[in-house]
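Dear colleague,

I am handing over the structure we spoke about, and it is placed just below. After it you will find my notes on the aromatic side chains.

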Amino acid sequence: MPTYTVTVANLSLSLQQKSQIAEAITTAHHTQTGAPRFFAQVLFFSTNEGEHFVGGRVNSAPQVYVHGLVREGRNTEVKQALMSQMLEKVVQITGITAEDVWIYLQDIPATQMIEFGRFLPAPGDEAEWEKEITPEKRSGLPD
């Protein structure tokens with residue numbers, strides 16, 4: 001379902017901060033979209049010094065960039081509430097300014113995504129789709 005890639009530049013996140021950010025993103029996605037929490041996946045990457053450029057120049061300020069791939073079908077208000085909730089938590093957890101957090105959401109049609117071996121459902125149809133996950137797989141997923 002949603003995959004969020006968090007890339008940091010000029011900033012080192014502790015495992016605790018990564019866990020807090022992953023939880024915050026998962027909670028925001030669940031709260032704003034109604035999708036089950038186990039749908040959210042969060043990946044972390046760091047750039048090395050001198051590998052982050054803004055305007056063609058090396059950036060030395062700490063920055064967090066969140067790129068979310070989400071199913072299309074949600075309105076602007078939902079998506080902006082989702083991004084605002086994530087922004088607030090990322091700033092709180094990292095201690096950097098909101099100006100140093102960039103968040104992009106990219107819509108993808110459910111028909112162009114496969115997870116758990118099946119094409120994804122349209123937003124709102126998750127409960128029926130979830131019933132087809134094998135009990136063995138479902139028991140290993142968080143609620």
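To begin with one ring, Phe116 is partly exposed, with a relative accessible area of 31%, whereas Phe38 is buried, at a relative accessible area of 6%. Please keep in mind that this is a predicted model, and that the values below are computed from it.

The structure holds 5 aromatic pairs, and one of them is formed by Phe38 and Phe116, which meet edge-to-face with 6.0 Å from centre to centre and 70° between the planes. Because Phe38 lies in the loop between α1 (15–33) and β2 (41–46), while Phe116 lies in the loop between β7 (114–115) and β8 (118–119), this pair ties together parts that are 78 residues apart in sequence.

Another of the pairs joins Phe39 and Trp129, again edge-to-face, with 5.6 Å between the centres and 90° between the planes. Here Phe39 comes from the loop between α1 and β2 and Trp129 from helix α3 (residues 126–130), so that the pair ties together parts that are 90 residues apart in sequence. Both Phe39 and Trp129 are buried, which for this purpose means under 20% relative accessible area.

Which residues do the ring pairs link into a cluster? They are Phe38, Phe39, Phe116 and Trp129. Trp129 also has a charged neighbour, since Arg118 lies over the face of its ring, at 4.4 Å from the ring centre.

With best wishes

How values were computed. Residues are numbered from 1 along each chain as its sequence is written. This is a predicted model: local features need pLDDT of at least 70, side-chain atom pairs count only at pLDDT 80 or more; totals for chains, interfaces and linings use all residues. Side-chain values use heavy atoms; hydrogens and water are left out. Rings of Phe, Tyr and Trp (its six-membered ring) pair if their centres lie within 6.5 Å; planes under 30 degrees apart count as stacked, over 60 as edge-to-face and the rest as tilted. Helices (H or I, at least four residues) and strands (E, at least two) are DSSP runs, numbered from the N terminus. Buried means under 20% relative accessible area, exposed over 50%, partly exposed in between (1.4 Å probe, protein chains only). A charge sits over a ring if NZ of Lys or CZ of Arg is within 6 Å of the ring centre and within 35 degrees of the ring normal.
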